[in-house]
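Q: I have a sequence and a model open side by side. Can you walk me through reading the features, one at a time?

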Amino acid sequence: MRIWMVSRRRCNFVLWCVLVGLALLGASGRPPETSPVISYVTAGSVVVIDAGHGGPDSGAIGANGTLEKDISLALSQKLAKELIQQGCIVICVRDTDTDLAGADFSGTVRERKRADLQARADLANRNQADLFVSVHLNADPSPKWSGAQTFYEQGDETGACIGKAVQEQLKSTLKNTRREALAADGYFLMSAASMPTIIVEAGFLSNPEEEKLLQDEDYQQQVAGAIARGIVDGLKEQAGGSVSIDAE
Ligand SMILES: [Zn+2]
């Protein structure tokens, strides 16, 4: 059913992402780690997962040299797997170490960054995504800060609902912050994307302990699972608490 919907409504890239996700599931050799309960709300919801940075743009650099672009990609791939298990149609902005400005882009670094972000938003807009999730890691000159935080666009009711649900799941799962989800204003990516958009700053690479955690596959899985549960919670709340069905 999902494949039919993809081929009719979406581009081949979406199908590729779904197949990659299914391959990842099969490659794990383990049964799904989340309950096989698919709700009417998440089934068929189109979610774009944006692994922040990539290619020449490394993003933040951790206390011990970890690159944000590598951790954002690892988290995004795990998040894709989680959301596919929930029946979402997932579009991955990138699956390799690259940006979206184009290999032959010849502008300044600033212009390249703008083109990259615009291309990410364009991908989501073209595919009429229901939600855009951008995954990042934080950094600060001081190593003392740690913990995850989620942002949504000022004035976007759906984004606020989903962003708050994601932050609640991150708080209860990781137990590393008391921060609340925050409204953001003036983010280029949020303005360029025409659907509800959330930005998840999954932790501080500038904190050596958190940097080490964020490199750990099991911890990455916890983060991805929390984000996915928050997205599902938020989508359900927006839909008025749809009844879930057991897929088994
Ligand atoms: Zn970033």
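Q: Which residues of helix 5 are buried?
A: Keep in mind that this is a predicted model. In helix 5, the buried residues are Gly159, Ile162, Gly163, Lys164, Ala165, Val166, Gln167, Gln169, Leu170 and Lys171. An α-helix has 3.6 residues a turn, so residues three or four places apart point the same way.

Q: What do the buried residues of helix 5 pack against?
A: They pack against strand 4, strand 5 (149-153), strand 7 (197-204) and helix 8 (217-238).

Q: How many residues does helix 5 have, and what span does it reach?
A: Helix 5 covers residues 157-174, which is 18 residues. From first C-alpha to last it reaches 26 Å, close to the 26 Å expected at 1.5 Å a residue.

Q: Is Leu170 buried or exposed?
A: Count the C-beta atoms around the residue; 20 or more within 10 Å make it buried. Leu170 has 28 others within 10 Å, so it is buried. This residue sits in helix 5.

Q: Which residues does Leu170 touch, beyond four places in sequence?
A: Leu170 touches Ala148, Thr150, Ala226 and Gly230. Look also at Val223: it is 53 residues from Leu170 in sequence, yet the two C-alpha atoms are 6.9 Å apart. For the whole protein, take contacts between residues at least 6 apart in sequence: 80% join residues at least 24 apart.

Q: Why is strand 4 described as largely enclosed?
A: Eight of its eight residues are buried, so the rest of the structure largely encloses strand 4. Its side chains point two ways: Leu131, Val133, Val135 and Leu137 one way, Phe132, Ser134, His136 and Asn138 the other. All of these are buried. Over the protein, 45% of the 248 residues count as buried.

Q: How many bridges join strand 4 to strand 2, and how many join it to strand 7?
A: Strand 2 (residues 46-51) and strand 4 run parallel, joined by five bridges. Strand 4 and strand 7 also run parallel, with six bridges. To find the register, take one pair on each side. Ile49 has Val133 of strand 4 as its bridge partner. Ser134 stands opposite Ile199 in strand 7.

Q: What is the phi of Gln128, and where does this residue lie?
A: Start with the general rule. Most residues other than glycine have a negative phi, and most peptide bonds are trans. Gln128 has a positive phi, near 50°. Its place is the loop between helix 4 and strand 4. Gln128 is exposed, because it has 11 other C-beta atoms within 10 Å.

Q: What is next to it in that loop: is Asn127 buried or partly exposed?
A: Asn127 lies in the loop between helix 4 (109-126) and strand 4 (131-138). It has 18 other C-beta atoms within 10 Å, so it is partly exposed. Its C-alpha is 8.8 Å from that of Val48, 79 residues away along the chain.

Q: Which residue just after helix 5 takes a positive phi?
A: Lys175 does, at about 50°, although it is not a glycine. Lys175 is in the loop between helix 5 and strand 6 (182-184). With 9 C-beta neighbours inside 10 Å, Lys175 counts as exposed.

Q: Where is the pLDDT under 50?
A: Begin with the overall figures: the mean pLDDT is 86, and 81% of residues reach 70 or more. Over residues 1-35 the pLDDT is below 50; beyond near neighbours in sequence, this stretch has 33 contacts in the model. Residues 242-248 also stay under 50, with twelve contacts beyond four places in sequence.

Methods. Residues numbered from 1 in each chain as written. pLDDT = per-residue confidence, 0-100. Contact = placed C-beta atoms within 7 Å. Buried ≥ 20, exposed ≤ 12 C-beta atoms within 10 Å, placed from the backbone. Helix = DSSP H or I, 4+ residues; strand = E, 2+ residues; numbered from the N terminus. Expected span 1.5 Å × (residues − 1). Pairing = 2+ DSSP bridges.
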